[in-house]
Structure formats: C-alpha cells, structure tokens
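Trainee: Could we go through this model step by step, from one residue outward to the whole chain?

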Amino acid sequence: MKPQKRFSYNIDNMEMLINEVRKSLKLTPAKVRAETQYGQPYEVRMKVKRKRENWVDN
C-alpha cells in the first residue's frame, strides 16, 4: 500500500494537513533539544488525524 493511501493526505489535499499541523502546534508545547551547529532545535510531538475518505470541508 502506498504511504499516501495509509496516511490519507497527498499533494491534492496537503493544505488540509498543513492546517491540522498548525492547529495542533497552538495546543502542543515545544521542547528544547540540544543545540547543534545549525542552531537551537525544538521538538513537537503531536498526533495527526487521518483524513476520512468521505471528508467534507465546511
């Protein structure tokens, strides 16, 4: 099975995924990780709901 089939998001509905992540970021605290040569990384762990096949965006 292709990953996009399992995850339910693909290039055609990527805006829905981006919106879900942005909503979750407002509710989920970021944790500081060890600084690297590229700067200060942060980690956010969140659950992302799969898009239902019969999803209707109101």
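Mentor: We can, keeping in mind that this is a predicted model. A good starting point is Asn13, which sits in the loop between helix 1 (3-7) and helix 2.

Trainee: Is Asn13 buried or exposed, and what is its relative accessible area?

Mentor: A residue counts as buried when its relative accessible area is under 20%. Asn13 falls below that cut-off and is therefore buried, with a relative accessible area of 12%.

Trainee: Which backbone atom does the side chain of Asn13 reach?

Mentor: The residue concerned is in the loop between helix 1 and helix 2. At 2.7 Å, its side chain reaches the backbone nitrogen of Asn10.

Trainee: How far apart are the end C-alpha atoms of helix 2?

Mentor: Helix 2 covers residues 14-27, and at 1.5 Å a residue its 14 residues should span 20 Å. The computed separation of the end C-alpha atoms agrees with that expectation, at 21 Å.

Trainee: Which residues of helix 2 are buried, and where do they lie around the axis?

Mentor: The buried residues of helix 2 are Met16, Glu20 and Ser24. They cover an arc of only 70° around the axis, so they lie on the same side of helix 2. On the other side of helix 2, the exposed residues are Arg22 and Lys26. The buried ones, then, share one side, within an arc of 70°.

Trainee: What pattern does the protein follow along the sequence?

Mentor: The protein has 2 helices and 2 strands, and 12% of its 58 residues count as buried. Read along the sequence, these elements follow the pattern α-α-β-β.

Key: Residues are numbered from 1 along each chain as its sequence is written. This is a predicted model: local features need pLDDT of at least 70, side-chain atom pairs count only at pLDDT 80 or more; totals for chains, interfaces and linings use all residues. Side-chain values use heavy atoms; hydrogens and water are left out. Helices (H or I, at least four residues) and strands (E, at least two) are DSSP runs, numbered from the N terminus. The expected span of a helix is 1.5 Å times one less than its number of residues. Buried means under 20% relative accessible area, exposed over 50%, partly exposed in between (1.4 Å probe, protein chains only). The arc is that of the directions from the helix axis to the C-beta atoms. A polar contact is a pair of N or O atoms within 3.5 Å; within protein, one must be able to donate a hydrogen and the other to accept it, and residues adjacent in sequence count only if both atoms are side-chain atoms.
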